[in-house]
Amino acid sequence: MTTQPCSEIVLNDFAPTPSDFQSEFVAGLKRHPKTLPCKFFYDERGSLLFDEICELEEYYLTRTETKILHDNIAEISALCGSDCVLVELGSGRSSKTRLLLDHLETPVAYVPIDISRPHLLRAAEAINGDYFPLQILPVCADYNQPLRLPVPARTPKRKVIFFPGSTIGNFEPWQAAGFLGRLATWCQPGDGLLIGVDLEKSRDILHAAYNDTRGVTAAFNLNLLQRANREIGADFILEQFRHRAIYDETNGRIEMHLVSQCPQRVVLAGEEILFGKEEFVTTEYSYKYHEESFRALASRVGWQAQRTWRDEGRLFSVHYFRL
């Protein structure tokens, strides 16, 4: 771990190394079936593409969650309480966080955690400039791996973990339970978890959200291969792969794939990887939940449901749990 100054803030850097990316990428492609961790979407270009996805008409998740937060911010802020430290996982641009920071009573510190260092620093600097003297303690890390949370200068009354965007859906349910259990180990009794969870809905709405007409999601998916070409000298020919997102109704999840359009051979990090025609790499799952089933999943690992908010169309939900 290295620590470096970032104007008036300090970056706590646990970022994965290039060798981590290479070893996990190669290992994923040698599996049967092939799969890649969705965390690798978020290099600098991937993070910018995801920001663009969040603005798309078809991608209901961001605007719906933001409206839920906006419409219920007084109650949410009251549950978070005064003098809390806000820890955000996968903070990105920290846009939803501003709603919270605008309404929280005397927050002690903001701890954004993101795997993309350039994206994290830009967002932290912007928050720092707009909310000074709030202490900003950014952490560049894969939050699936062990990390140490920075300690604020002022002692908070409680910690609130903010996990928006329905990123919890990227885990299989058994993994999601394990992850929520690990978050509980970061906390003390009385600490909170504010989390966005996408809900089950019609196949047509889901298909449109992950197969946008402008092709931004396709570019986001294919950027994984571009990243491998840039960072580990792979020789993927992007035109020989296509983006596919399908809804698996049995498992209640969107699956994102990169599909090989012809038999081909790819070399990366000295390894030869063979693809058959129509063979695919799974790059992301996005599970959709019923509210009750998600509350039950969280309760099994110690989180006590306090409140659930949803939009009128019941597309999305936001939950507050207490340890």
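**Notes on the predicted model**

1. To begin with the overall inventory, the protein chain carries 10 helices and 15 strands. Please keep in mind while reading that this is a predicted model.

2. On overall dimensions, the C-alpha trace spans about 60 × 45 × 35 Å along its principal axes. The radius of gyration of the protein chain is 20 Å, and a compact globule with 323 residues would have one near 20 Å, so the two agree.

3. A word on burial and surface. Of the 323 residues in the protein chain, 55% count as buried. The chain exposes about 14,100 Å², and 51% of that area is supplied by carbon and sulfur atoms.

4. The contact pattern is worth a look too. Taking contacts in the protein chain with a separation of 6 or more, 71% are between residues 24 or more positions apart.

5. Now to the interior. In soluble globular proteins, nonpolar side chains tend to be buried together. Here the largest nonpolar core has 66 residues, and the members that touch the most others are Phe-25, Leu-29, Leu-194, Phe-236 and Leu-268. Helix α9, residues 216-232, gives this core its largest share, with 7 residues. Another core lies apart from it and holds 34 residues, including Ala-109, Leu-147, Ile-161 and Phe-171.

6. Phe-25 makes a good place to centre your view. Which residues does Phe-25 touch, not counting those up to four places away in sequence? They are Leu-36, Leu-224, Leu-225, Ala-228, Ile-232, Phe-236 and Leu-268. Among these, Phe-236 and Leu-268 also belong to the group that, like Phe-25, touches the most other members of the core.

7. Next, you may like to pick out an open sheet of 3 strands, ordered β9-β10-β13 and paired antiparallel. Its edge strands, β9 (241-248) and β13 (280-287), each pair on one side only. Ignoring direction, neighbouring strands of this sheet are turned by 20° against each other on average.

8. Within that sheet, the pairing of β9 with β10 can be followed residue by residue. Strand β10 covers residues 253-260 and is joined to β9 by 8 bridges, the two running antiparallel. For Tyr-247, the bridge partner in β10 is Ile-254.

9. Finally, which helix packs on the sheet, touching β9, β10 and β13? That is helix α8, residues 203-210. The direction of α8 makes about 155° with that of β9.

How values were computed
Residues are numbered from 1 along each chain as its sequence is written. This is a predicted model: local features need pLDDT of at least 70, side-chain atom pairs count only at pLDDT 80 or more; totals for chains, interfaces and linings use all residues. Side-chain values use heavy atoms; hydrogens and water are left out. A nonpolar core is a set of buried Ala, Val, Leu, Ile, Met, Phe, Trp, Tyr and Cys residues joined through side-chain atoms within 4.5 Å. Buried means under 20% relative accessible area, exposed over 50%, partly exposed in between (1.4 Å probe, protein chains only). Helices (H or I, at least four residues) and strands (E, at least two) are DSSP runs, numbered from the N terminus. Contact means heavy atoms within 4.5 Å. Two strands pair if DSSP finds at least two bridges between them. Axes are lines fitted to C-alpha atoms, for helices over the stretch in contact, and angles run from 0 to 180 degrees between N-to-C directions. The radius of gyration is taken over C-alpha atoms; the globule rule is 2.2 Å times the number of residues to the power 0.38. Accessible areas come from the Shrake-Rupley method with a 1.4 Å probe; for residues, only the protein chains shown count as cover.
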